[in-house]
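Please read the following points alongside the model, as they are meant for a colleague who is meeting this structure for the first time. They begin with the ligands and then move to a helix and to several single residues.

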Amino acid sequence: MDGAWGAVAVYGVVSKNDLIERRFGMIISIASGKGGTGKTTVATNLARSMGCNVQLLDCDVEEPNAHLFIHPSFEETEPFFMPVPEVNETRCTFCGKCADICQFKAIAVVNEHVLVFEELCHGCGGCWEVCPVGAIQEGRRKLGVIQRGQSNGIEFIHGRLRVGEAMSPPLIKKVRSFENPDKLTIIDAPPGTSCPVIASMKDTDFVLLVTEPTPFGLHDLKLAVGATQILDIPLGLVINRSDLGDDRVRKYALQRRLPILMEIPFDRQIAEAYSRGEMLVDVIPQWKDRFLRLYDQIQHLSKHQTLNTKYQTQRPSLTARIW
Ligand code: SF4
Ligand code: SF4
């Protein structure tokens, strides 16, 4: 497991002996290009290692699972609704203005009927704003639930999307509305690189991408790095099951000057702890220091990785000065 420090030594910015004042108020999004890479393991163990003044937001609302490791006691469960149009056809003149303004084809006028496709509606309100006769009211439909709880000093919040529902960004935004600027906020983002991931990474201080050293891992990592660069957020990598696969992920990281901040080897004890819903830092306490050091690296990079990340491809000489 000492290999974990080997990677930090290669790219790292904070040595093991540096004294860092840990500050709070940061938002760290933990993401991965694909599912099953260990993103939740990193998010939950980082939160547990920080101990207090931390909130963990599980934004993987289609399949939240951080609670299986954090074991929070939920104190509040509330339904979450999003606005949708409700049409009163007795007032409607079938002018078609509502359908014209809708970018998502969620409302249509057909044979003197107004059809609303709620699953396509983004709740922007455009249709009821433009209706000249006030025939559209703001209705609502349930997207899922928000649950809030505590676990050993960690404030825990997650959203659960209703089964069969596809509109996850509004629920993710609702989960993120509980971000507390006085705490360290750790976001467990959904896998992939689509809208839900962007909603989970946008306006965060740092993105930690968890990957694995396989061809699939590399492929999805490249997509995730691209998405992060568009958002212009400092980023670093964690390689999970780092002693399996090949070294193409490391070569890519080196080539793109992406800092590898931690490596987690494939280890039977770790895998067994995961399968029992136990935290790595509880089962192997040495990992707590490693996660604290990971936080120190993130804190340093979020402060000093000031150049736009897109410069990594355009002006590699500048990024060389940073790392
Ligand atoms: S904009 Fe209003 S009046 Fe016109 S078709 Fe839509 S609901 Fe009917
Ligand atoms: S609220 Fe917005 S997205 Fe929904 S139907 Fe109206 S215009 Fe379309």
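Which cavity is the space taken by ligand 1?

1. In this model, which is a predicted one, the space taken by ligand 1 is the largest cavity. The residues that surround ligand 1 include four cysteines written here by name, Cys92, Cys95, Cys98 and Cys131, and with them stand Thr93, Phe94, Gly96, Val109, Pro132, Val133 and Ile136. When this shell is sorted by residue character, 9 of its residues are nonpolar and 2 are polar, while no charged residue takes part.

2. Ligand 2 should be read in a parallel way, with the caution that its space is described as a pocket, namely the second largest pocket. Around ligand 2 one finds Pro85, Cys102, Phe104, Ala106, Cys121 and His122, and further along the chain Gly123, Cys124, Gly125, Cys127 and Trp128. The shell of ligand 2 divides into 8 nonpolar and 3 polar residues, again with no charged one.

3. Phe94, already named among the surroundings of ligand 1, deserves a second look, since this residue has a positive phi of about 60° although it is not a glycine. Most residues other than glycine have a negative phi. Phe94 lies in the loop between β3 and α4, the latter spanning residues 97-101, and with a relative accessibility of 24% Phe94 counts as partly exposed.

4. A positive phi, near 50°, is also found at His71, which is likewise a residue other than glycine. His71 has its place in the loop between α3 and β3, where β3 covers residues 73-87, and at 51% relative accessibility His71 counts as exposed, because the cut-off for that word is over 50%.

5. Which residues of helix α9 are buried? In α9, which runs over residues 248-256, they are Val249, Tyr252, Ala253 and Arg256. These residues lie on the same side of α9, because they cover an arc of only 100° around the axis. The face turned away from that buried side carries the exposed residues Lys251 and Gln255, and just after α9 the chain reaches Arg257, which takes a positive phi of about 55°.

6. Is Thr37 buried or exposed? Thr37, which is found in the loop between β1 (27-31) and α2 (39-50), has a relative accessibility of 2% and therefore counts as buried. The side chain of Thr37 is joined to that of Ser32 by a polar contact of 3.3 Å.

7. Pro64 is another loop residue to examine, with its place between β2 (54-58) and α3 (67-70). The relative accessible area of Pro64 is 12%, so this residue is buried, the limit for that term being under 20%. Although Pro64 and His158 are 94 residues apart along the chain, their C-alpha atoms are separated by 7.1 Å.

8. Gln55, finally, has its place in strand β2, and at 0% relative accessibility Gln55 counts as buried. How many residues apart along the chain are Gln55 and Ser151? They are 96 residues apart, and the distance that separates their C-alpha atoms is 9.9 Å.

Definitions and conventions
Residues numbered from 1 in each chain as written. Chains lettered and ligands numbered in written order. Predicted model: local features only at pLDDT ≥ 70, side-chain atom pairs only at ≥ 80, totals over all residues. Heavy atoms only, no water. Near = heavy atom within 4 Å. 1 Å grid on protein atoms, 1.4 Å probe; cavity = no way out; pocket = protein on both sides within 12 Å on 5 of 7 lines; lining within 4 Å. Sits in = over half its atoms within 2 Å of the grid points. Nonpolar A, V, L, I, M, F, W, Y, C, P; charged D, E, K, R; others polar. Buried < 20%, exposed > 50% of the residue type's maximum accessible area, 1.4 Å probe, protein only. Helix = DSSP H or I, 4+ residues; strand = E, 2+ residues; numbered from the N terminus. Arc of directions from axis to C-beta. Polar contact = N/O pair within 3.5 Å; in protein donor to acceptor, adjacent residues only side chain to side chain.
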